Amino acid sequence: MRRMPDGASSARWLVAVTSMVLLASRAAAADELKPYTATYAGIWRGMTVAVSTLKLERTGDTWTFSSRSEARGVGRIASGVFPPLQVSVVRVTDQGVLPQSFKSSGGSADKSIELDYNWQTHRVSGTYEGTKVDLPLTPQVQDDGSVQLGLIVELLAGRTPPSVQLIDKNSVREYQFSRDGEATISTPTGDVHTVIFKSQKKNSPRITRFWCAPDRGYIPLRVQQKKDDDVQWTLEIQSLKRQ
């Protein structure tokens, strides 16, 4: 005859079963990187000066992350803040996001960027606003497009985003990511809970914050840069569609 468990054994059994249920629930709730299209209002000096469309697409083992901004009103004078077109092609690996190429048109020829990442020679080359680029390449090196996707990938994996080295002409600048609280923000589809992360270059007065929504694949619903207490620019979500 099978012996019934005593009180202590029952408690341990209940804890074990509860733990398995919780683990199964977390696994079922786990999200993954998915193609999406999001539109944002680009706000500069308190005015909406652009509508930006960010799109993530997948082809085989590569992902293309693009941003198109259309000027509104006086937006043409803010084309350097919201570039007309940026396209970043990456591969997502166990090492994180590995950029393959990056192109940006900044509204004029002297603001354009074109980078090529060679992971066999571990060099990144190209031109950045008229400056020739030739730099060593490591998994920490990112561009303005890939760094945004890298943040999402790290959060989906349950990791705190690491420091990154962002290409700036023929040099790199190191930025630190850190968690900066939580907030519920209003969006056109209702109030959404977000986790805030900030990035900052050492000793810089500029801080960029990302309001990332866990139940929407950690896609940022708001991005804002401040210099001390002065808001430089803001991107506010208008619509989001995930596949």
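Biologist: Are Phe177 and Phe210 buried or exposed?
Modeller: This is a predicted model. Buried means under 20% relative accessible area. By that cut-off, both Phe177 and Phe210 are buried.

Biologist: How many aromatic pairs does a search of the whole structure find?
Modeller: Rings pair if their centres lie within 6.5 Å. The search covers the whole structure, and the count is two.

Biologist: Which class fits the pair of Phe82 and Trp233?
Modeller: The ring centres are 6.1 Å apart. Planes over 60 degrees apart count as edge-to-face. Here the planes stand at 80°, so the pair is edge-to-face.

Biologist: How many residues apart in sequence are the parts that Phe82 and Trp233 tie together?
Modeller: Phe82 lies in the loop between strand S3 (62-71) and strand S4 (85-93). Trp233 belongs to strand S15 (residues 230-242). The parts tied together are therefore 151 residues apart.

Biologist: And which class fits Phe177 and Phe210?
Modeller: Their ring centres are 6.2 Å apart. The planes meet at 45°, so the pair is tilted.

Biologist: Which strands hold Phe177 and Phe210?
Modeller: The pair ties together parts that are 33 residues apart in sequence. Phe177 lies in strand S11 (residues 172-187), and Phe210 in strand S13 (residues 206-213).

Biologist: Which residue lies over the face of Trp211?
Modeller: The distance to the ring centre is 5.1 Å. The residue over the face is Arg222.

Biologist: Which element gives the largest share of the lining of the second largest pocket?
Modeller: This pocket is lined by 17 residues. Strand S5 (96-105) and helix H2 (146-156) each give two or more. The largest share, five residues, comes from H2.

Definitions and conventions:
Residues are numbered from 1 along each chain as its sequence is written. This is a predicted model: local features need pLDDT of at least 70, side-chain atom pairs count only at pLDDT 80 or more; totals for chains, interfaces and linings use all residues. Side-chain values use heavy atoms; hydrogens and water are left out. On a 1 Å grid over the protein atoms alone, a cavity is a set of points where a 1.4 Å probe fits but cannot get out, and a pocket is an open set with protein on both sides within 12 Å along at least five of seven lines; lining residues have an atom within 4 Å of a point. Helices (H or I, at least four residues) and strands (E, at least two) are DSSP runs, numbered from the N terminus. Rings of Phe, Tyr and Trp (its six-membered ring) pair if their centres lie within 6.5 Å; planes under 30 degrees apart count as stacked, over 60 as edge-to-face and the rest as tilted. Buried means under 20% relative accessible area, exposed over 50%, partly exposed in between (1.4 Å probe, protein chains only). A charge sits over a ring if NZ of Lys or CZ of Arg is within 6 Å of the ring centre and within 35 degrees of the ring normal.
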